Amino acid sequence: MEKIRVSAVKYINSYPFMIGLRDGEVARMIDLEVCHPSECADRLIAGRTDIGLIPVAMIASMKIHIVSDYCLSTNGEVRTVLLVSNTPFEEITKIYLDYRSRSSVTLCRILAVKAWKRDFDWLQASEKFDITAMRQGEAAVMIGDRCFEYAHLFSFRLGPWSGVEKIHRPPVCLRLLGLDKSASGGVYITLQQGPGRRPRQKE
């Protein structure tokens, strides 16, 4: 039997999903790989994976089935989506967009128009972009575990995002390429097993 190719995000907040996939009943049925959110979407579009944890901003442009009720989301503050700079916000003129992201960089553009009422020069940051070498007037969208490592280096940090009550993170999506429905159902059950292991908070 050909294994199902599954792409998951390589950040801490997706670990509950990966626990279920790694230790659940479908572990022997899948090839699990981890990559950046944008790469998960690219692999799904290109047909290099069958199931992916993808940025919500990509859903409208993709022909997919959503195969679970689970996603990464928040109703409060997050530490892994930041706009960072060593320039005061009112003096920022240029923003670099993290190549690892789709949803967060899209949200930043929307907020610039709808909430901040500001015009910026938008630049796509490459893999070689050094976020610690930004000049006066420059800022960058930063996502993922890198925020834990680099956030303290900047005098200005905006996050989650001003004017937004809820930041949605990517749902689990299935590419329309004839994946067996019973198999996708097994993945759904397995995804439940990971978050279900989270210990209950004591009252």
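Cys40 is buried, because its relative accessibility is 0% and the cut-off for a buried residue is under 20%. The model is a predicted one. The cysteine sulfur closest to that of Cys40 belongs to Cys35, at 3.4 Å. This separation is too far for a bond, because a disulfide requires sulfur atoms within 2.5 Å. A disulfide is a covalent bond between the sulfur atoms of two cysteines. The search of the whole structure finds zero of them.

Arg43 lies in helix 2, which covers residues 37-46. Arg43 counts as buried, because its relative accessibility is 16%. Beyond its neighbours within four places in sequence, Arg43 contacts Ser7, Glu33, Cys35, Arg48 and Thr49.

Strand 1 and strand 2 form a parallel pair. Strand 1 spans residues 4-9, and strand 2 spans residues 30-35. Six bridges join the two strands. Val9 stands opposite Cys35 of strand 2. Strand 1 is mostly covered, with five of its six residues buried.

The loop between strand 1 and helix 1 (15-23) holds Ile12. Ile12 counts as partly exposed, because its relative accessibility is 44%. Outside the residues up to four places away in sequence, Ile12 touches Asp145 and Phe148. Ile12 and Asp145 are 133 residues apart along the chain. Their C-alpha atoms are separated by 6.8 Å.

An open sheet is built from five strands in the order 7-6-8-5-9. Its pairing is mixed. Strand 7 (121-124) and strand 9 (156-158) are the edge strands, and each pairs on one side only. From one strand to the next, the twist averages 25°. Strands of a sheet pair through backbone hydrogen bonds, either parallel or antiparallel. Both senses occur in this mixed sheet.

Strand 6 (residues 94-97) runs parallel to strand 8 (residues 138-143), and three bridges join them. Lys94 stands opposite Glu138 of strand 8. Strand 5 pairs with strand 8 in the antiparallel sense, over five bridges. Here Val81 stands opposite Ile143 of strand 8. Strand 5 also pairs with strand 9 in the antiparallel sense, over three bridges. Arg157 of strand 9 is the bridge partner of Val84.

Strand 5 is mostly covered: five of its five residues are buried. In a regular strand the side chains alternate between the two faces of the sheet. Val81, Leu83 and Ser85 point one way from strand 5. Leu82 and Val84 point the other way. Residues on both sides of strand 5 are buried.

Helix 3 (residues 103-114) packs on the five-stranded sheet. The helix touches strand 5 (81-85), strand 6, strand 7 and strand 8. Its direction makes about 135° with that of strand 8. The length of helix 3 agrees with expectation: at 1.5 Å a residue, its twelve residues should span 16 Å, and its end C-alpha atoms are 16 Å apart. An α-helix has 3.6 residues a turn, so residues three or four places apart point the same way. The buried residues of helix 3 are Ser103, Ser104, Val105, Leu107, Cys108, Leu111 and Ala112.

The largest nonpolar core contains 30 residues. Ile54, Leu83, Ile95, Trp116 and Val141 touch the most other members. The elements that give two or more residues to this core are helix 2, strand 4 (64-74), strand 6, helix 3, strand 8 and strand 9. Helix 3 supplies the largest share, five residues.

Another core, of eleven residues, lies apart from the largest one. Its members include Ala125, Ile131, Met134 and Cys147. Cys147 counts as buried, because its relative accessibility is 2%.

Ile95 belongs to the 30-residue core. With neighbours within four places in sequence left aside, Ile95 is in contact with Leu83, Cys108, Phe120, Asp121, Trp122, Leu123, Ala139 and Val141. Among these partners, Cys108 is one of the buried residues of helix 3. Leu83 is a buried residue of strand 5.

How values were computed. Residues are numbered from 1 along each chain as its sequence is written. This is a predicted model: local features need pLDDT of at least 70, side-chain atom pairs count only at pLDDT 80 or more; totals for chains, interfaces and linings use all residues. Side-chain values use heavy atoms; hydrogens and water are left out. Two strands pair if DSSP finds at least two bridges between them. Helices (H or I, at least four residues) and strands (E, at least two) are DSSP runs, numbered from the N terminus. Axes are lines fitted to C-alpha atoms, for helices over the stretch in contact, and angles run from 0 to 180 degrees between N-to-C directions. Contact means heavy atoms within 4.5 Å. The expected span of a helix is 1.5 Å times one less than its number of residues. Buried means under 20% relative accessible area, exposed over 50%, partly exposed in between (1.4 Å probe, protein chains only). A nonpolar core is a set of buried Ala, Val, Leu, Ile, Met, Phe, Trp, Tyr and Cys residues joined through side-chain atoms within 4.5 Å.
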